[in-house]
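Visitor: I would like a close look at one part of this structure. Please take a single residue and its surroundings, and then place it against the rest.

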Protein chains: 2
Amino acid sequence: MKTPKLLLLSFIVLLAACKENKETPKANSALSENEKVDAANIKSIFNTALTQGKSYEWLRELTTDIGGRMSGSPEAAKAVLWGEQVMKDAGLDSVWLQPAMVPHWIRGEKEVANYIVDGKKIDIALTALGGSIATPKEGITAEVIEVKSIEEAEKLGEKLRGKIVFFNRPFDDTLINTFSAYGGCVDQRVNGAATAGKYGAKAVLVRSMTSKIDDYPHTGTMRYGDIPESQYIPTAAISTIAAERLSIHLKEQTKIKVYFKQSCKNLPKTKSFNVIGQITGTENPEKVLVVGGHLDSWDLGDGAHDDGTGIVQSLEVLHLFKTNNIKPKNTIRVVFFMDEEQGGGGADAYAKAVKTSKEIHIGAIESDAGGHTPRGFTIDANPENTELLKSWKKLLAPYGLHDITKGGSGADISPLKSEAVTLVGYRPDSQRYFDYHHAATDTFDKVNKRELELGSASMASLIYLMDKYLYSNSPIKP
Amino acid sequence: MKTPKLLLLSFIVLLAACKENKETPKANSALSENEKVDAANIKSIFNTALTQGKSYEWLRELTTDIGGRMSGSPEAAKAVLWGEQVMKDAGLDSVWLQPAMVPHWIRGEKEVANYIVDGKKIDIALTALGGSIATPKEGITAEVIEVKSIEEAEKLGEKLRGKIVFFNRPFDDTLINTFSAYGGCVDQRVNGAATAGKYGAKAVLVRSMTSKIDDYPHTGTMRYGDIPESQYIPTAAISTIAAERLSIHLKEQTKIKVYFKQSCKNLPKTKSFNVIGQITGTENPEKVLVVGGHLDSWDLGDGAHDDGTGIVQSLEVLHLFKTNNIKPKNTIRVVFFMDEEQGGGGADAYAKAVKTSKEIHIGAIESDAGGHTPRGFTIDANPENTELLKSWKKLLAPYGLHDITKGGSGADISPLKSEAVTLVGYRPDSQRYFDYHHAATDTFDKVNKRELELGSASMASLIYLMDKYLYSNSPIKP
């Protein structure tokens, strides 16, 4: 009874088993002798990442032993000490802490919001936005007005006075890259309160920055911009379920009054640190390639995909160099940047130090787009180096790295930008990222071990090629 | 304090927002006028899938309302009725059931296995393999011998007599495509009992087919092959945690006796059905393009990624044709195949019916590799049609479909193979698939809505192109 299917199964199984072995030599035959050496080294980097990688265990420690780690928090301080220790344990040539001043915003008590419809209380799942002020102690109760954009709010102008303004433009789900959908909506979260505050609104609620319809609110940063402090108003994100429901109720009823209370607070800036370690270059110790992510996170979840994965992948790059006994010509430096989420204090401190140092930065890679399956890299460099990096596609495509294109790098390394520096953003698959981003669901269990490890190996392979070839043929020297 | 970072953020956000809009026209300028029409239609298919797709809700019904649905089970019968109803609700031109005889294996009571080390009882998480016989009612207690391959077992030969043989070769984690790792191990599960039974072993335990180290056993099919029924022995899969622990204990102690009991049973074959529906072709109604997955699953989980996702994606292809008002030249037929897991009874019945029918099958796509983010297609066709499909890469790459290569199609459609038929396997990312495959963890919550929908749109786009261009220039006509 099972024979026809199982003969078939055996056949498929054989095919699958042979596929990888068959494809490698075929691909290799199109490579030069030099490229074959590189292909073998890259294969070795991937093998090591997938069998002796440490990133997954590091991530477990950072996310489940320490947890969420907002700039200025005790958990962020613990993460600094943890980072210093794991870098030392990894046997780097040198490890140090670099001071940086960072914001210290605290959430306070759990936020509360609700409204009454047909005599029934409807609770709103919400979270204060980072940097927002509190409501008065007794909370705010005001009529809600829904808008879909900053422009719409600006047009309403004085009509916003005394209201709670509800920004409810959803992600454009037709965009394939979810970062584009985020980019098309996040102005509501960042600038909503400044816009509505200017016209005397009482507060701003904003739909969470995600496509996923669930009851988890997603926090994130906001700014009051240039408006006077007297116009500052409290702002919070509400879950997509709450946003959809509130919008329906607003269509059904003429007026809805929402009660909203939060007790967050901006404390004075505080001292924190970037954690830095390196393998010193054998030929050009003064030339530096940086690989990094950010050590801080939001507080609702454990900062797993944002950006625990970037942290452990960055350290794994150096660990893979050591495990494979690759001695880089240039210095390979890992930076755990502090405070990407709330102000970039760590990025500023690092960039400032670079300016006064005799070191020459030749390139940098940032991993801050989640720990999902690798897709490629975006390159922010001069045209020659952009083309050079693109020319490595044939070496990287066997690992699913097809999207190697011009584009941005990342918030922490972009202050290093100059004509001679090659900046790169690591780009994993984006589909799941905003399901968890800045929400309570961004936890260790959402990270797949192999996807994480493939990312480390992808970054290490690019750093290996950059270390070997960058500027060897370029007219622009750093 | 937040301005530098936030100016930067605004910049990144703008970049991200502009990226997609900027890239589309640039890519389009390299396309012919005809290709621009196709690109627009494909974009429209993706837009519709991501905003009006029904696959996610269908999957919720199939996996959480019905659940796991083994061949011959009451749940499989429910799934047939459900399938017929959703096809009718989707407004297909015709919907029918095609009878197929399928195995009827039942699991019986929850399996038990344990052993004693230093006076402490160690429980083994295990699951009977599909098709296996039961142990005697009182169970089996016997000394365990560990092997890493069928070859090693064959060499030990008579030394296996009276033993429980433990096949413990793990996945090769260095293989990038996890299906290759599966292909390199699954002979232990399929043929382990036949090999050990031949030499008088009492039972076979096999390490679960996954890279993930956890305590969930993964079931799957096995066969006794040509050995006489008197040599049939019971076989079960144990969790990877149990396998690692047992292996360590076997190294520490000379002898370990395992107790093992299961009460599964092979009942007589029973009648079930493929569920079939179609949109009739406007020009060549007798020429058929099939799109399908399998309706049956294993019983431990809810059959979400294997193969609930393939089922709902296949129906969504036809739904996307209707929503976009695309009238295919050829007949587009969706087949929910019954019994892929335990014998291919549905695939046999379908292939047999094709042979005696006047219809001409020109192509088929199968989705049976999970519902993860799209990567590409493997093509099993004559060289002309293989090249034709590869030439569509520029239309498909914007959606992450880069891996369009020669390869196998799928167990349910491969009986349709002939020189003139173009068979295709849909290939999503493979990294997470074997975390859940055949285990209790293969549930609805493991499926990401956008990944599922992108898969439907990928398949629909390929069917759209196949319907339009297949055989228009090929020397081999079906």
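Guide: What follows starts from one arginine and then turns to a few other places. The model is predicted. A:Arg189 sits in helix α7, which spans residues 187-198 of chain A. Although A:Arg189 is buried, it forms no salt bridge. Its nearest side chain of opposite charge belongs to A:Glu341, at 6.3 Å, and the cut-off for a salt bridge is 4 Å, so this pair does not count. A polar atom of the A:Arg189 side chain does lie 3.0 Å from the backbone oxygen of A:Thr221. A:Thr221 is also one of the residues that A:Arg189 touches beyond four places in sequence, together with A:Thr219, A:Gly220 and A:Met222. Other contacts of A:Arg189 include A:Leu129, A:Tyr182, A:Val206, A:Met209 and A:His438.

A:His438 falls in the stretch 274-453 of chain A, which an unreviewed UniProt entry annotates as "domain: Peptidase M28". That stretch is 29% helix and 28% strand, with its end C-alpha atoms 24 Å apart.

Two cysteines of chain A are buried as well: A:Cys185 has 2% relative accessibility, and A:Cys264 has 3%. No disulfides are found in any chain of the structure.

In chain B, B:Ile279 belongs to strand β10, residues 265-279. B:Ile279 counts as buried because its relative accessible area is 9%, under the 20% limit. B:Thr331 is 52 residues away in sequence, but the two C-alpha atoms are 5.7 Å apart. B:Thr331 is in contact with B:Ile279, as are B:Asn330 and B:Ile332, among others.

Definitions and conventions:
Residues numbered from 1 in each chain as written. Chains lettered and ligands numbered in written order. Predicted model: local features only at pLDDT ≥ 70, side-chain atom pairs only at ≥ 80, totals over all residues. Heavy atoms only, no water. Disulfide = S-S within 2.5 Å. Buried < 20%, exposed > 50% of the residue type's maximum accessible area, 1.4 Å probe, protein only. Helix = DSSP H or I, 4+ residues; strand = E, 2+ residues; numbered from the N terminus. Lys, Arg positive; Asp, Glu negative; His and termini not counted. Polar contact = N/O pair within 3.5 Å; in protein donor to acceptor, adjacent residues only side chain to side chain. Contact = heavy atoms within 4.5 Å. UniProt positions renumbered as here; feature names shortened; annotations may be inferred.
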